[in-house]
Amino acid sequence: MEAWSKSLERLPPAFHADRGELLRMMRKDAILYQSPTQPILSRDGSTARWMLNSLQVTLTPRGAELAGRCVLELLRRFEGRQIATLGLTAVPIVSSVVLQSAGRYHALLVRQQRKKHGSLKLIEGPIDPNEPTIVIDDSISSGTSMQQACDTLRAAGIRVEGGIFLVRFGWYGGFARMQEQGYHVEAVTDIWTDFIYHMDDEPKPIGNPTKIFPNLQWSEARAPEQLHPATLARLAMREYLTSGMLPRPPLALDQDYPAGGGAWVSLRSLQNIHRRHARDGFWNFPGEQAWPAPEAVLWAALKTAYSLPKHEALALLDDSAIAVTFFTAMEQCSVGELDNDRYGIVVRSLERPGWMGGALPRMPGIRNEWDQYRHARITNAGLVSFEPHVILRHDVIKAVEPGIRWQPTGVPTGAAVSPLTQAECGGLIVARARDIAIARISGGAPRTAPLGDDLLPSGTDSLYVSVHLAGRLRGCFGTVLRRLDEDVTTLVESALQDTRFENPSDLPAPDDVTVTVALLHDRLELGLHSIADIVRRIRYGQHALMVEQDNRFALYLPSVASRYSLPPVAFVEELLRKAGIAEPPYRWTRFECTTWLADRTGERLVEGSFAPQAPPADLPGLLARLVPLGIGYLLRHQRTDGSFFTRYEPLQDQLYQGIDLPRLAHAAWVLARVSGEWDASAGAATLRTARLLLDSAEGTADGLWLAYPGQDRSVAEMAFTVLALCEMPEATLRACWVPRLAAALWARIDAHGRVHTHADEAVASDAYQDYFSGQLLLALATAVRAGLTAIDEAKLARAFRYYQHRFRNLPRFGQVSWLTQACKAWWQVNPDPCFADLAFEVADWILCFQQNKTGAFLNDHQSDTPGYTTALYLEGLGAAAWLARSSGKQQLHRDYLESCRRGLRFLDGLIIQPRDASLLPNPAMAIGGLRRSVLGSEVCIDFVQHYLAALIEIREAVRVL
């Protein structure tokens, strides 16, 4: 309810005065209680103690006046001037609004069912089909009436902008369902905050359910001073379980612990530290009372002891090791400010009190910050996707009982750097392995000194050596460590003789030899688990995983996931297939894994299946490096007929082909944009693709379309074709086709401004509105600038309002790139601040999802985020940066360009470059490709198109005058 309350706070004092008077009247007269003479039935037929009866107030002169004034103030937040209501209950409110609006609003009455005589109308009143409509009702509970009103109005060709209600029955229900559909909804009062919480015998709000404690009696004795937190927790739990009391808190523990954000106590089996007997505690949120650490331990211990099964509580306590986890004071943050290597988080609903969930850092199954955020928000808090919420982060300090080795997850990465990640250890080992490989191939002797057995830290379990010759995998073998140098030598020799892979016919040169060494450490026996369960117990793409059953076993290094672009379940299933295990039970072991690569350029750490190097620090350096890579990739992957190879697996050297008209047209546009300044040969490539597209044009009964067998006809391919033609120097093609295509695009905007994205409306899901509508608006603006179509001012204004409303009420990642670029294009036609302001609004929204530590954008756009989708958002940010500079907002321009710089540095690590050639069987086809993510090596042609388009937008933003 906090989100709704804050929304009302921004309204003027006069509104709050009217609302206060109206609320007093409604509390006094609008609550109808059940009595022997006054039954009250709910919709389902059950009885209720009371009901809202707003007509008792709104049918009075003062009540109607106040209700009308409050609704009128909320109507200022809407653009429409047509209001409507279903049934009778809100008729007094609607009438009051119309009377007090000085002619601004007129009303419609929607009938529950069509009149059976007379006019037979379903909607009464002067209908303006072009005016956005706001539905008014006295209350919204399930949303049934609101939905019926919206459906009826929509069926009559009327666009419903949203709704206003005198009372909302909480957020989760009809109010939320309307928001989920993209409606703008407002309410004057809330049944819980404004009514129920003020009524006797009704529940009161619980803002922080973690601070609900069992009944407690304090002991007369105080706990000893200077105890370890786990020792104090054990003492307190034993005292509570035996006497029902807690000792009084000591003044100090063995050292200072920050407990401003709360404390939790965990009990784990001494025989199996991964088996948890109990865990409980509490969070302190900003503004709440925070106890000193000693007292915080006692409260957390109390809750944990209370959660133990009563008949075996003491036995479980004796069988358990104990850890106390302290949280520092919580601070609000954005998704981009999360850091799964350091912070724990709590996500709290801003609409449903008490709905919250947390996630510790580096938990099994949680690979990165997005996974952590989703785990806290959805899995633990149970929030729905669009529910307003706040993210709170905190540091984590875990105090484990002395002498106990605790499971390693749920705590921040240690400050000490692992020796395995240092060149003096991991780099030395992989250099030695490559040296041995070259010596064995050439018949010479190794030049490096043997490795000492004391080089590796304790906890290192095994190592795996892979040898690549001229970019092709020659072999891979591993072993449990015994004698380091002997093991490395044996594994190199085995890899060079691996019969599973082809042996090159020609002797490779030393520069063509590449070796990777994977060092497995911190072995963890996970025991028996199903496929679904084991996926949740590993960090996919980071852990090595071994499966065993009787005498069958197999192990996969984490690089297997990225090498073959396997999703998590497929990764596990392929491992079982490799082991020859068809049925459960499956016994699992996981390992931490650090991998090093050595090639002719030196040694470096591997991420996934590649070993990126530090990118240029500044934007000019990034642009100079990446633009030629993207152009080269597109040109090499274009086929002679103008189509493209659509997908490429660079580590397998496997090409895939096909025709996808929107992506094909987008490629033509991108190549046309670079053909002038960057690469003249791109012009001929653009022309080949453009002719292929135009050959697919066909006139139908419903207008001009581009069509390809088996594909749905949409506005996307037409929009990109317009964009490509407007960039091309071929004036005849432009003059012939752009006006016709633009006219077809204008025709797809309806009377409300909504774009009809497909020729067949049955295939046009709502998701296309996030993409195709912006593409169409961008193309039309470009055609207008080229003088090849006239502006339909009415349609443009309606479309702009429609998609502005859509973003503000239902923001989605798919809207970012195209909406901002469309705003930039229309600003170039007419520098109206409304275009720039919307672009900035979208850009500022997406910036909340950019990671501080990597520059990548976290999102639900791709399953293995972060990855290639960062390029899409950089297109939008580049456009916003151009607009910021052009409209005189210098600081905003600098901020957006800094975001672009950081995003490009992230993408640089995913773009295949000459540094990666030693791992590539066919570097000529791979270089310039943008991999899907660190965990996916596949390259789709549109990934490259988008990062090249982002570079173009950013370059324009850098150079804008």
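Charge first: the protein chain of this predicted model carries 99 positive and 106 negative side chains, with Lys and Arg counted as positive, Asp and Glu as negative, and His and the chain ends left uncounted. The centres of the two sets sit 2 Å apart, each charge being placed at NZ of Lys, CZ of Arg, CG of Asp or CD of Glu.

As for overall build, the chain's 961 residues would give a radius of gyration near 30 Å in a compact globule, and the 33 Å found here agrees with that (taken over C-alpha atoms; the rule is 2.2 Å times the number of residues to the power 0.38). The C-alpha trace spans about 100 × 95 × 55 Å along its principal axes. There are 30 helices and 30 strands (DSSP runs, H or I of at least four residues and E of at least two, numbered from the N terminus). Of the 961 residues, 56% count as buried (under 20% relative accessible area, 1.4 Å probe, protein chains only).

Helix α4, residues 61-75, makes a handy close-up. Its 15 residues should span 21 Å, and its end C-alpha atoms are indeed 21 Å apart (1.5 Å times one less than the number of residues). Since 11 of the 15 are buried, α4 is largely enclosed by the rest of the structure; among those buried are G63, C70 and E73.

Residues are numbered from 1 along each chain as its sequence is written, and side-chain values use heavy atoms, without hydrogens or water. Local features need pLDDT of at least 70 and side-chain atom pairs 80 or more, while totals for chains, interfaces and linings use all residues.

How values were computed. Buried < 20%, exposed > 50% of the residue type's maximum accessible area, 1.4 Å probe, protein only.
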